[in-house]
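Student: I should like to examine this structure through a series of questions. May we begin with one charged side chain and work outwards from there?

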Amino acid sequence: MSIRGSYRTALTYGAVGATQASDLVTYPPEGFTPTESRARIGHGDQRFETAVTQALTWQIQERSGIRVRVEEQPDDDEVRYNPVTFDDDGVPIAPASIGTPQVEKFAPDGTPLVTAGTSATLTMHAFGRTVQAPVRVVSIIDEHDRKGFAYGTLEGHPLSGEESFVVERTSDGSVWLQIRQFSQPSTRKWQFVAPLLRRQQKVMAERYLAALRGD
């Protein structure tokens with residue numbers, strides 16, 4: 001599927017990539033509320049690799065009761081979305097842009113891994129109703145001991161902002177899952193139920209952390 005049509009729908013916030021800023025919790029984008037959650041989910045290299053595969057195949061969301069429907073995924077010959085990049089002090093050094101293709105990757109069982117530029121609709125039950133939340137993957141984190149991805153909100157999402165899911169391996173071999181986000185209600189309608197949105201975010205963060213714990 002082509003991503004050209006997908007890019008006609010803009011992200012609903014400006015600070016693309018800011019979930020990876022080291023000072024996000026202290027200095028979030030203006031008007032947005034940041035949160036960060038972290039939990040140990042195992043130990044050892046195999047656990048790390050398994051958790052990375054689970055994270056990059058939407059299993060965190062699906063195991064938390066969310067239905068994921070991929071709408072558009074970049075072809076190998078399509079350009080990809082490059083997020084804002086930061087230096088070691090969290091200062092932006094390169095703006096977001098449309099860039100060069102990246103190599104497509106697959107899980108061992110052939111399941112496609114999440115790629116930057118992929119658009120998806122997340123469907124969940126909240127507030128006594130079915131809520132659909134369109135998102136686009138804005139960055140892939142691919143470091144030796146940190147791997148995962150971040151997605152940003154599209155029009156129709158109850159929130160405006162970004163959320164990242166990163167599996168980390170520490171020097172003692174422990175494996176952790178880190179969830180970071182910054183958000184605000186996307187419309188006046190959702191502003192009226194902002195406390196409920198915050199409560200639901202906390203519930204979902206707990207579900208996300210539990211999704212990979214103990215596997």
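Student: Is arginine 146 buried, partly exposed or exposed?
Tutor: This is a predicted model, and the values are computed from it. The relative accessible area of arginine 146 is 21%. Because buried means under 20% and exposed means over 50%, arginine 146 counts as partly exposed.

Student: Which residue of strand β10 is linked to arginine 146 in strand β9, and how far apart in sequence are the two?
Tutor: The partner of arginine 146 in this salt bridge is glutamate 168, with the closest N and O atoms 3.4 Å apart. At 12% relative accessibility, glutamate 168 is buried. The pair joins distant parts of the chain, glutamate 168 lying in strand β10 and arginine 146 in strand β9, at a separation of 22 residues.

Student: With which residue does arginine 146 form a salt bridge whose closest N and O atoms are 3.3 Å apart?
Tutor: Side chains of opposite charge can pair when their charged atoms come close. The partner here is partly exposed, with a relative accessible area of 41%. It is glutamate 143.

Student: Which residues make up the network of salt bridges?
Tutor: Arginine 146 forms salt bridges with glutamate 143 and with glutamate 168. The network also includes Arg38. Its members are therefore Arg38, Glu143, Arg146 and Glu168.

Student: How many salt bridges does a search of the whole structure find?
Tutor: One of them pairs arginine 169 with aspartate 45, the closest N and O atoms being 3.2 Å apart. This pair connects strand β10 to helix α1 across 124 residues of the chain. Arginine 169 is buried at 14% relative accessibility, whereas aspartate 45 is exposed at 52%. For the whole structure, the search gives eight.

Student: In what order do the seven strands of the open sheet lie?
Tutor: The edge strands are β1 (33-43) and β2 (67-72), each of which pairs on one side only. Neighbouring strands are turned against each other by 25 degrees on average, direction ignored. The pairing is antiparallel, and the order is β1-β11-β10-β9-β8-β7-β2.

Student: Over how many bridges do strands β10 and β11 pair?
Tutor: Strand β10 covers residues 159-169 and strand β11 residues 174-185. Within this pairing, leucine 159 stands opposite proline 185 of β11. The two strands run in the antiparallel sense, over bridges numbering eleven.

Student: What angle does the direction of helix α1 make with that of β10?
Tutor: Helix α1 comprises residues 45-55 and packs on the sheet. The helix touches β1, β9 (146-153), β10 and β11. Its direction and that of β10 make an angle of about 160 degrees.

Student: How many residues belong to the largest nonpolar core?
Tutor: The elements giving two or more residues to this core are β1, α1, β7 (119-126), β8 (129-142), β9, β10, β11 and α4 (194-211). Trp58, Leu122, Phe149, Tyr151, Val167, Leu177 and Tyr208 touch the most other members. Beyond four places in sequence, the contacts of phenylalanine 149 include Trp58, Val137, Ile141 and Phe165. The residues in this core number 33.

Student: What average pLDDT does the protein chain have?
Tutor: Residues 1-7 have a pLDDT below 50, and so do residues 97-102. In the chain, 79% of the residues score at least 70. The chain average is 82.

Definitions and conventions
Residues numbered from 1 in each chain as written. Predicted model: local features only at pLDDT ≥ 70, side-chain atom pairs only at ≥ 80, totals over all residues. Heavy atoms only, no water. Pairing = 2+ DSSP bridges. Helix = DSSP H or I, 4+ residues; strand = E, 2+ residues; numbered from the N terminus. Axes fitted to C-alpha atoms, helices over the stretch in contact; angles between N-to-C directions. Contact = heavy atoms within 4.5 Å. Salt bridge = Lys/Arg side-chain N within 4 Å of Asp/Glu carboxyl O. Buried < 20%, exposed > 50% of the residue type's maximum accessible area, 1.4 Å probe, protein only. pLDDT = per-residue confidence, 0-100. Core = buried A, V, L, I, M, F, W, Y, C linked by side-chain atoms within 4.5 Å.
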